[in-house]
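User: I am new to this structure and would like to understand how its features are named and judged. Could we go through the reasoning step by step?

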Amino acid sequence: MLVRPDLPEDVPAQRELWKLAFGDSDAYIDNFYRTYYRPERVIVLEEDGAVRSMTAWFDTALALPGQGDLRAAYLYAVATHPNCRGRGLAGKLLAGADEYFRSLGIPAVTTVPAEPSLHNFFGANGFRECFVHGRFRKEELTVPAGDCPCSIGLLPAAVYSSLREATLSGTVHIALPQEAAAYQEGICRLSGGGLYALETPLGTCTLCAEGMEDGSLLIKELLGNPDARACALDWLPRLLPGWSGHYRTQEGTEPFGMLKWLDPALERRWNWDTAGYLGLAFD
């Protein structure tokens with residue numbers, strides 16, 4: 001049994017494992033391999049020459065105001081072959097990934113459990129709750145009378161990333177590289193959404209809209225000053241047809257993401273009462 005970085009010849013087995021574990025379409029999986037994949041960005045557990053477990057990871061930064069940025073690996077698509085579950089392979093995979101990240105000088109690892117029960121699994125593997133967000137729903141999708149004072153337009157991933165960082169400056173958060181934002185952009189477009197700037201008389205908002213199973217749009221992230229966001233929410237039913245009314249913001253207390261320190265000195269100094277924002281997880 002061996003935990004190691006991916007090799008290009010592993011990709012067919014990875015794709016099969018990804019589909020078995022998550023049920024995603026070929027187009028969805030293609031988007032990852034087109035926008036972000038490199039062999040070193042996937043870690044696999046190999047047993048008897050076959051890939052049994054895998055995780056992708058995004059090379060992100062944990063932004064700490066006044067202290068700078070720390071490199072952080074965001075784990076994604078942690079999966080074990082259905083025929084091999086119940087043997088602790090995922091835990092072995094995570095332990096091996098930790099050693100790989102230490103070899104790269106990465107001091108922190110983050111993840112977003114796909115469902116509540118997985119918080120316990122990751123907790124048993126050294127992660128602790130750290131990142132929160134707010135989930136809300138606008139019940140009435142009517143709009144005010146008169147001319148709309150707002151406008152909305154699609155943004156390329158690089159511009160969205162830049163505006164996102166400007167808005168989140170001064171807060172503890174996970175900063176995404178442009179390639180990760182490009183992956184999210186691809187997910188959005190596959191499902192009828194996109195990365196947007198929404199101009200209001202009270203300021204600019206950025207939002208990430210992704211399609212849900214019922215065909216409506218979820219706003220996975222709505223950023224901007226509170227007044228601009230309130231104005232945007234009034235007019236979004238007109239500006240973004242198909243919006244479900246569901247949206248997420250950085251203000252909230254709902255547990256969302258988890259953190260594990262690989263550097264003992266940094267962990268000793270860390271205040272676990274700190275609530276950061278991860279936001280654009282690829283959940």
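Analyst: Let us begin with a term: helices and strands are DSSP runs, numbered from the N terminus. With that in hand, Pro 113 can be placed in the loop between β5 and α4. Please keep in mind that this is a predicted model.

User: What makes Pro 113 count as buried or exposed?

Analyst: Buried means under 20% relative accessible area. Pro 113 has a relative accessibility of 7%, and therefore it counts as buried. Not counting residues up to four places away in sequence, Pro 113 touches Leu 118, His 119, Phe 122, Phe 256 and Met 258. Asp 263, by comparison, is 150 residues from Pro 113 in sequence and 22 Å from it in space, C-alpha to C-alpha.

User: How do you know how far the predictor trusts the chain, and which elements have the lowest and highest mean pLDDT?

Analyst: The confidence is given as pLDDT, on a scale from 0 to 100. The chain averages 95, and 100% of the residues score at least 70. Among the elements of the chain, helix α4 (residues 116–124) has the lowest mean, 91, while strand β5 (residues 108–111) has the highest, 98.

User: Why does the span of helix α3 agree with what is expected?

Analyst: The expected span is 1.5 Å times one less than the number of residues. Helix α3 (residues 89–103) has 15 residues and should therefore span 21 Å, and its end C-alpha atoms are indeed 21 Å apart, so the two values agree. Among the buried residues of α3 are Leu 89, Leu 93, Asp 98, Tyr 100 and Phe 101. Just after α3 comes Gly 105, which takes a positive phi of about 75°.

User: What does the comparison of reach and expected span give for helix α6?

Analyst: Helix α6 (residues 178–190), with its 13 residues, reaches 18 Å from its first C-alpha to its last, which is close to the 18 Å expected at 1.5 Å a residue. Its buried residues include Ala 181, Tyr 183, Glu 185 and Cys 188. α6 is followed by Gly 192, whose phi is positive, near 90°.

User: Why is Leu 155 called buried or exposed, and which residues is it in contact with?

Analyst: Leu 155 lies in the loop between β7 (151–154) and α5 (157–168). Its relative accessibility of 11% is under the 20% cut-off, so Leu 155 counts as buried. Leaving aside neighbours within four places in sequence, Leu 155 is in contact with Tyr 160, Leu 163, Glu 185, Leu 195, Tyr 196 and Ala 197.

User: What makes a space a cavity, and how many are there of 30 Å³ or more?

Analyst: A cavity is a set of points where a 1.4 Å probe fits but cannot get out. The count comes to 1 cavity of 30 Å³ or more, and the largest cavity has a volume of about 40 Å³. It is lined by Tyr 160, Ser 161, Arg 164, Glu 165, Leu 176, Ala 181 and Leu 280, and the largest share of this lining, 4 residues, comes from α5. The lining residues divide into 4 nonpolar, 1 polar and 2 charged.

User: Why does Ser 161 count as buried or exposed?

Analyst: Ser 161 lies in helix α5. At 13% relative accessibility it is under 20%, and so Ser 161 counts as buried. Beyond its neighbours within four places in sequence, Ser 161 is in contact with Leu 176, Pro 177, Gln 178 and Ala 181.

Key:
Residues numbered from 1 in each chain as written. Predicted model: local features only at pLDDT ≥ 70, side-chain atom pairs only at ≥ 80, totals over all residues. Heavy atoms only, no water. Helix = DSSP H or I, 4+ residues; strand = E, 2+ residues; numbered from the N terminus. Buried < 20%, exposed > 50% of the residue type's maximum accessible area, 1.4 Å probe, protein only. Contact = heavy atoms within 4.5 Å. 1 Å grid on protein atoms, 1.4 Å probe; cavity = no way out; pocket = protein on both sides within 12 Å on 5 of 7 lines; lining within 4 Å. Points joined across faces, edges and corners; volume = space filled by probe spheres on them. Nonpolar A, V, L, I, M, F, W, Y, C, P; charged D, E, K, R; others polar.
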